[in-house]
Amino acid sequence: MKGWSKHFEYLKSGKIGDPILTYDKSSKTFFLLVPVTLEVQEHQPKEILGVDVGERHIAAATSTKGTRYLIDLPEEFKQRKQHYQRLRSELMSKGTRSAKRKLARISRREKRFTENVLHIIAKKLITSHPGARFVLEDLTQIRANRITYRGKDKEARRQSEQWPFASLQQKIEYKAKLYYGVQSEKVDPSYTSQTCPRCGHVSKENRPDHGERFVCQNCGYEEHADIVGAINIALRVLVKDQQGNLEKLLGADVSRPDAPRLG
């Protein structure tokens, strides 16, 4: 039997579910998918990491340890995506039965490639921040929220729509829990790209020409817009945790008008 040794460890220690046998026609190969439920001991996070996905960069990350950076796809990945897009367009324009069969094969191949790329990105994030609590966007309304930012930038729109960010988040969540026992959290991403993390001023004008630079019109704070988004995503969990700690300390509902205020 062949496979990754770590997977065999999971099979030995976890509860095995009902296996599923699948067949890939293109490669003429059978695959046995075995679901495993594992008991994972939870640990306290060593840092908080906000992750903002999409737009011109596939992700931006900021940490309470002071690191902040953008994650870009290697050029070879972008070129391969463009190659698949051209193939799809050509086959769809033909419309023949053989073209449709080939299109289905190409689509499956592209899906496997995309999933593999997302696994690589997720694993790199997780292993670069061992024990971190990942704070992610609630993507329920992400397409509506992103229109304002992308504007007429067709390349940014196309790039954003090609990568399934919900799948990337799911991989980050389960890898963080599986590898380090830390639960991730999702927050409402509304106005995270328009809010100044220094003074709290919210305005569309903080994003001149909907570009990549963030310039607060109130205090002058400047940073890359995606980094600002990631900072605000992390801040939403930090503020919530602080409010929860204050309630425990005072035995009060800090949302009441007469309750003590943070800051």
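**Notebook: rings, sheet and salt bridges**

I started with Tyr-23, which counts as partly exposed because its relative accessibility is 41%. A reminder to myself before going on: this is a predicted model.

**Entry 1, aromatic pairs.** I wanted to know which ring Tyr-23 pairs with. The partner is Phe-30, in a tilted pair with 4.6 Å centre to centre and 45° between the planes. Phe-30 counts as exposed, because its relative accessibility is 56% and the cut-off for exposed is over 50%.

Next I looked up Phe-77 and Phe-113, an edge-to-face pair with centres 5.8 Å apart and planes at 85°. Phe-77 belongs to helix H2 (residues 75–94) and Phe-113 to helix H3, so this pair ties together parts 36 residues apart in sequence. Both Phe-77 and Phe-113 are buried. Tyr-84 joins Phe-77 and Phe-113 in one aromatic cluster. For the whole structure I noted 5 aromatic pairs.

**Entry 2, the sheet.** I then traced an open sheet of 5 strands with mixed pairing, in the order E7-E6-E5-E8-E9. Which strands are at the edges? They are E7 (68–71) and E9 (185–187), each pairing on one side only. Neighbouring strands here are turned by 25° against each other on average, direction ignored.

I followed one pairing in detail: strand E6 (residues 59–63) and E7 run antiparallel to each other, with 4 bridges. Thr-62 sits opposite Arg-68 of E7.

**Entry 3, helices on the sheet.** Helix H3 (residues 97–128) lies across E5 (47–53), E6, E7 and E8 (132–137), and runs at about 165° to E7. Helix H6 packs on the sheet too, touching E5, E8 and E9, with its direction at about 160° to that of E8.

I stayed with H6 for a while. This helix covers residues 165–180, and its 16 residues reach 22 Å from first C-alpha to last, close to the 22 Å expected. Which of its residues are buried? I listed Phe-165, Ser-167, Leu-168, Gln-169, Lys-171, Ile-172, Lys-175 and Ala-176. The spacing made me recall that an α-helix has 3.6 residues a turn, so residues three or four places apart point the same way. Just after H6, I found Gly-181 with a positive phi of about 70°.

**Entry 4, salt bridges.** The count came to 9 salt bridges, and I looked up three of them around strand E9.

Arg-133 and Glu-185 form a salt bridge with the closest N and O atoms 2.3 Å apart. This pair links strand E8, which holds Arg-133, to strand E9, which holds Glu-185, across 52 residues. Arg-133 and Glu-185 are both buried.

Glu-173 and Lys-186 form another, with 3.6 Å between the closest N and O atoms. Glu-173 is in helix H6 and Lys-186 in strand E9, 13 residues apart. Glu-173 counts as partly exposed at 24% relative accessibility, and Lys-186 is partly exposed at 41%.

What else does Glu-185 meet in a salt bridge? I found Lys-240 there, at 2.1 Å from N to O. Lys-240 is in helix H7 (residues 225–250), 55 residues from Glu-185 in E9. The relative accessible area of Lys-240 is 43%, so Lys-240 is partly exposed, whereas Glu-185 has 13% and is buried. My last note: Arg-133, Glu-185, Lys-240 and Asp-241 are linked in a network of salt bridges.

Note on methods: Residues numbered from 1 in each chain as written. Predicted model: local features only at pLDDT ≥ 70, side-chain atom pairs only at ≥ 80, totals over all residues. Heavy atoms only, no water. Expected span 1.5 Å × (residues − 1). Buried < 20%, exposed > 50% of the residue type's maximum accessible area, 1.4 Å probe, protein only. Pairing = 2+ DSSP bridges. Axes fitted to C-alpha atoms, helices over the stretch in contact; angles between N-to-C directions. Contact = heavy atoms within 4.5 Å. Salt bridge = Lys/Arg side-chain N within 4 Å of Asp/Glu carboxyl O. Phe/Tyr/Trp six-rings, centres within 6.5 Å; stacked < 30°, edge-to-face > 60°.
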